[in-house]
Amino acid sequence: MSAFAARQKLLAAAASAAATTPNMDDNDNDGDIIDRNTSAKSFFTRDNFRKALQAQKQEPSHHVDDTPAARPRKRKQGPKDQVPAEGRDEGRQLKSQFPNLSEPMPTGRRRIIYYSSQRLSQTNIQPKANGRMLLKLLDGERLVILGSYGIKVREGELTVAGAFLSKSDLVHWVHAPQCHALPVIRITNDATIELHPHPGAQSLRQLASLNPAFGKLWNESDDVAPGQAKKVFPTFQIIFTSDDAPKRGGIQELVSPAEWNKQLADVLDSKRKATPVVFLTGPKSSGKSTFGRLMANRLITGSGLSRQPWAPVVVLDLDPGQPEFGPPSVISLNKLSSPNLSPPFCHPALDPRTAQLRAHTVASVTPSLDPDHFVACALDLFHTCKTNPSLNKLPLIINTPGWIQGTGLDILSELIRQTVPTEVIYMSQDGPEETVDGLKAACQEKKIPFVALPSQQPQGQPSSSVDATTPATSGGGGSSRTALHLRTMQTMSYFHLLFSSLTVPVPHSQSQNQSQPHPGPTWSATPLTHLPPWRVRYRGPRPGFLGILCYDHQPAPDLLAEAINGMILALVKIEDRAGAFRDFPDLLVVSSPQKQQQQHQQSIQQFKKQSSSQKQQQPELLICKTPRESLPHLPNPQGKTLSPAHSRVLGLVLVRGIDVRRGELHLLTPLPVEMLAGNEQNLVLVAGRFDTPSWAYAEDLHRRQWEKNNAAAARNKQQGLVLGGSAKMEIDDDDDDGTGDGDQSDETESVGADEVEERPERERVQALHGGTSEAQPWVEMLHGSQGRAAGSKVWRVRRDLGRR
């Protein structure tokens, strides 16, 4: 009898309906999880599993008797139960990858949360070559997996994150970090699935060497005991109980309430009547992005074996603070052809040729910088979708920011009136009353249905659908990351992205007329200070861009260089110079007032119909120069913005430095050269209220400390005393980007500047670049009280003052 059969017997004995439970001792197939008889198969449904656990909770005095007399006898293995030769040969490998394989049930009265409905054994899992795993699961069973993996359905059907996956040759790729709710794989029809290691997992995890915010998110091993070597784990780990979860935090499951499921089914059925245009709104952290992801996945894959999917799906991402597709401050129009099974920082950019159709920047993480410009950008993206014959017949999901009061409510009401969606979904049933009334009034004007759904469960609470009321033994509901931490992670992920990995062709499926889902991007773990920047000329006959335009705050010309140095700017392409600068009449230099008026009234549709010779006849711009550096800039005393109908954003750049002698800007950007070639006379650098990239200044600091710890661990390993391979760094909510020193405690230690190699930063960077003087240092190392006023000190304040 297997360990899982012993647990089944225990739960059946504790339940009140013990008479209906099959006899484990008389069942010849009690240890076989695959070839189970009909009664046992029906018992292992999710509902009966929940009832058994509830019965166990009502009998707290019962516990597992692990005495030798109480242990189940091992039945003789029959010919049908023999493990295939490939599985027998790799049995040791399976045991090393899953240490809890076929272990006995935990003893005592300790509360246990069950995430997966069965424990792995050699009867239901078979290791394959290249780290692949083959699993056989029954209807109603579930799996929770931590890490990065690919899932291929060889037989049957399952659902994950709102997507229904059935038998095919496609491999769907998943990133499931601990800082987000983990998707649950639910079997809807007896299935055989194949799990693949994720090809981009290693590069993504290496970002933890540059920022501790990326650490402790995956299935990494916890601190090992002295004298033991650090084990190498695959890219994913199946979580059975809370004992299998990492001890550093609990597990948060991706839960879809019943109201959500009903709404998803209604939207899928509505395709028979009209093309759905769903407008999602609600307070912050209410689940708009999560529900939008589930809806997009459901529309792409359909529902059930007889489903009729509606792929692809268009997503209008209008949340500049927490965007789903793109870096912060960017709103975009995207076309999805495969389910989205990863959090935003795992796909900070999409293939610009096929997936991301158009994007704009609001130069801020909130629409409050310029609400009118935000509405204009959103409507331009919407009109792009509706005027494109290949897009206007596809479902459209509009995700909005969480600013729902005051001016934010006015923005949402205006967008509802202009877009006229088929349905408005408000992700809260708790008000506020003023917001709900305002949205209902906007919907009544256009006779749009209004639906209020419950918000998602707050992170930090156990959300297991099996036993959601029992607290996890390891504490909270996952590794906490604030909105600022997640925004920092997404920006850092964007700048370390290898854009070439997005455009790698994926082979077509042999059995279906569709391409394989892209495995996603890969990243470079090299600190930005070690990367050679783009040297862009701003002086001479052929400058690399037109000039610098500042939204909102306008620094003095002699302070412009200091204002942009080391900051993030948006790279905007001008499609029609006269139309883009129509709000800047003083900057346009044309031959006559009649021609100027004609160009101001020219629409984007008329511009596209012009010949190439007419498009080249662009009006000149009045560009000013800063007094010291001669930086080209566009005066904007009234804080105007570019017209979104005649411009679009290509991406973000980080100003690495300014070489005044050569007249060059040193820029860092993940954008490929193909996107920038030939556009020199139509590029503008836009400055605004972007987040300060303080994470970029500390990457080299964290990397050297990480290398120092690894070197120390290697030395101690030879001496029989192995230390952890990564630095213990605390993520403090009071810090701007999650990389500060915070408050030290007994469990964690903070890495400070005094522990870093005492070598001048400029000398180190110059040595890295071959001793040239072209390197522009970002960070000046200060030791002790150096650089501080007399009598000053660093104040460290923790938000949780009750922590002991």
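Helix α8 gives the most to the lining of the largest cavity, contributing 5 residues, in a model that is predicted. This cavity has a volume of about 120 Å³, and the structure as a whole holds 7 cavities of 30 Å³ or more. The lining of the largest cavity comprises 14 residues, with Ser289, Gly292, Arg293, Val315 and Glu324 lying nearest its centre. Two or more lining residues are given by each of the elements α8 (288-301), β9 (313-317) and β12 (396-399). In terms of residue character, the lining of the largest cavity divides into 6 nonpolar, 4 polar and 4 charged residues.

Strand β12, one of the elements that give two or more residues to this lining, is also paired with other strands. It is joined by 4 bridges to β8 (residues 277-281), the two strands running parallel, and Leu280 stands opposite Asn399 of β12. A further pairing joins β12 to β9, again through 4 bridges and in parallel orientation, and here Leu396 in β12 is the bridge partner of Val314. In a regular strand the side chains alternate between the two faces of the sheet. For β12, Leu396 and Ile398 point one way whereas Ile397 and Asn399 point the other way, and all of these residues are buried. Asn399, which stands opposite Leu280, is thus described as buried together with Leu396, Ile397 and Ile398.

Aromatic contacts were examined next. The count of aromatic pairs comes to 8. Among them, Tyr426 and Phe450 form a stacked pair, with a distance of 6.3 Å centre to centre and an angle of 25° between the planes; the pair counts as stacked because planes under 30 degrees apart are classed in this way. This pair links distant parts of the chain, with Tyr426 in strand β13 (residues 423-426) and Phe450 in strand β14 (residues 450-452), 24 residues apart. The relative accessibility of Tyr426 is 0%, and the residue therefore counts as buried. An edge-to-face arrangement is found for Phe581 and Phe584, whose rings lie 5.6 Å apart centre to centre with 70° between the planes. Both members of this pair, Phe581 and Phe584, are buried. In addition, Tyr494, Phe495 and Trp695 form one aromatic cluster.

How values were computed. Residues numbered from 1 in each chain as written. Predicted model: local features only at pLDDT ≥ 70, side-chain atom pairs only at ≥ 80, totals over all residues. Heavy atoms only, no water. 1 Å grid on protein atoms, 1.4 Å probe; cavity = no way out; pocket = protein on both sides within 12 Å on 5 of 7 lines; lining within 4 Å. Points joined across faces, edges and corners; volume = space filled by probe spheres on them. Nonpolar A, V, L, I, M, F, W, Y, C, P; charged D, E, K, R; others polar. Buried < 20%, exposed > 50% of the residue type's maximum accessible area, 1.4 Å probe, protein only. Pairing = 2+ DSSP bridges. Phe/Tyr/Trp six-rings, centres within 6.5 Å; stacked < 30°, edge-to-face > 60°.
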